[in-house]
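Reader: I am new to this structure and would like to learn how to read it. Could you walk me through it, one feature at a time?

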Amino acid sequence: MQNPYANFWRRVAAFLIDNVVLAIPIWILTGFFYMYYMPQFMLHKTEEEMAAMFPLLFLFTILSNLFFFVLFILYTSIMESSSKQATLGKMALGIKVVDKNGQRLRFWHAVGRNLGKVVSYLIMYFGFFMAAFTRRRQGLHDLMASTFVVNEGYQPGQPLPEAPFRTGCLVSTIVVILLPFVLGLIAAIMIPFLVENTTQPAPVRLLQAQMSALRWENITQDNPLQVNDTSFYTQDGDVYATRTQPVPFTVLLPAGERTLCCLEDEGDFCQSNEVEPCM
C-alpha cells in the first residue's frame, strides 16, 4: 500500500513558505514604525530621552509578536479548514491536513490543532520533529488534535496505516535540539577568556550610535548637522563629530569601522572616556 503521509521535508518546506508569507505584513508594519521613530531615536535624543523610548520599543515588539501569532492562527486555521485543506505552503508542496476519518477539518478543529503548535515551540520544536519518526508521521499538535498531514492525492475513506517507527530520526532530532545548548554552554565558558571587555562609557556609546546612523548621509562640513551642542558631517564614508562646548573635542568614526577615535581633545572628553587617538 502506498504511503499516504506527507514527507517530513516537504512539511518543513511548506512551513518555511508559510512563515515568509506571514512575515510580509510584519515587515511592512515594522518598516513604517522604524522609518518614523529611528531617526528621532538615533539623532535627536539625549541619553535620558533615548532610555525613555525603550518602553515604546518593547511595547511595539510585544504587539507585533501578538499580531503575528493571531495572524498565524487565523491564516492556518482558515486555510486548513477550507476546501483546499492546506495553507499556501502546503498547497505549493502538494500536501493537506485531514482528520482521523480522512475528512476536512472544521474551523475550530483547525484552530485547536494550530494552537497545539505552541507546545512544540515551547519544547524547542521537538513536537514538529516528531513528524519525522512517529508511526503515522504526526507532529505533537497532530497527536493532540487527531489529525494527519497527507499527500494531496489522498481521498477520504482510504486507510491511514501505521508506518515503521524511525529510531534514527528520533536520535538525530535529540542531537539537533541538544547541540545548540552544548555549543552555547561552551561559548559561555570560553568567550570571557577569549574576548576583551569592550564596555564603553554611555557618552561614547551614544555618540557612536549617532555617527553610525549618519554614515551614509551626505552632510558637508560647510553645512553640518547640529544635534544639541555637537556638529556632524561626513566625508567619503568617514563621520566627524565636533563639539565646542562644554567640553571641546573632535572625534572620527572611520569608514567601515564601528569604534570612533579622537582627533582633538581640548577638554577631557577623550581622556576621561578612554577614546583612543586616531592613527
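Author: Gladly. Let us begin with a torsion: the one about the S-S bond of C261 and C278 is about 95°, so this disulfide is right-handed. Please keep in mind that the model is predicted.

Reader: What is a disulfide in general, and how many disulfides does the structure hold?

Author: A disulfide is a covalent bond between the sulfur atoms of two cysteines. In this structure there are 2 disulfides. One joins C261 to C278, with the sulfur atoms 1.9 Å apart. C261 belongs to strand β7 (residues 261-265), while C278 sits in the segment after α10 (269-272), so the bond ties together parts that are 17 residues apart in sequence.

Reader: And which cysteines form the other disulfide?

Author: That one links C262 with C270, and the sulfur atoms are 2.1 Å apart. The link of C262 and C270 is right-handed too, with 85° about the S-S bond. If you count the bonded cysteines along the chain, the pattern is 1-4, 2-3.

Reader: Are these cysteines buried or exposed, and how do I tell?

Author: Look at the relative accessible area: under 20% a residue counts as buried, and over 50% as exposed, with partly exposed in between. C261 has 10%, so C261 is buried. C278 has 21%, so C278 counts as partly exposed. For the other pair, C262 is buried at 9%, and C270 is buried at 4%. You can try the reasoning on C169 as well: its relative accessible area is 26%, so C169 is partly exposed.

Reader: Now the strands, please. With which strands does β4 pair, and in what sense?

Author: Strand β3 (residues 225-227) pairs with β4 in the antiparallel sense, over 3 bridges. Within that pairing, V227 stands opposite T230 in β4. Strand β5 (residues 238-243) also pairs with β4 in the antiparallel sense, here over 6 bridges. There, T234 of β4 faces V239 in β5.

Reader: What should I look for in the turns between these strands?

Author: Look for the number of residues in the turn and for a positive phi. The hairpin of β3 and β4 has 2 residues between the strands, and N228 takes a positive phi near 55°. The hairpin of β4 and β5 also has 2 residues between its strands, and D236 in the turn has a positive phi of about 55°.

Reader: How do side chains sit along a strand, and how many residues of β4 are buried?

Author: In a regular strand the side chains alternate between the two faces of the sheet. As for cover, strand β4 (residues 230-235) has 5 of its 6 residues buried, which makes it mostly covered.

Reader: Which residues have the most contacts inside the largest nonpolar core?

Author: That core has 21 residues, and those with the most contacts inside it are L207, M211, F232, V251, L260, F269 and V275. At least two of the core residues come from each of α9 (202-213), β4, β5, β6 (249-253), β7 and α10. The element that gives the most is β6, with 4 residues.

Reader: Could we follow one core residue? What does L260 touch?

Author: Leaving aside residues up to four places away in sequence, L260 touches V204, L207, Q208, M211, V251, L252, L253 and V275. There is also a second, separate core of 7 residues, which includes A6, V97, L105 and A110.

Methods. Residues are numbered from 1 along each chain as its sequence is written. This is a predicted model: local features need pLDDT of at least 70, side-chain atom pairs count only at pLDDT 80 or more; totals for chains, interfaces and linings use all residues. Side-chain values use heavy atoms; hydrogens and water are left out. A disulfide is a pair of cysteine sulfur atoms within 2.5 Å. Buried means under 20% relative accessible area, exposed over 50%, partly exposed in between (1.4 Å probe, protein chains only). Two strands pair if DSSP finds at least two bridges between them. A nonpolar core is a set of buried Ala, Val, Leu, Ile, Met, Phe, Trp, Tyr and Cys residues joined through side-chain atoms within 4.5 Å. Contact means heavy atoms within 4.5 Å.
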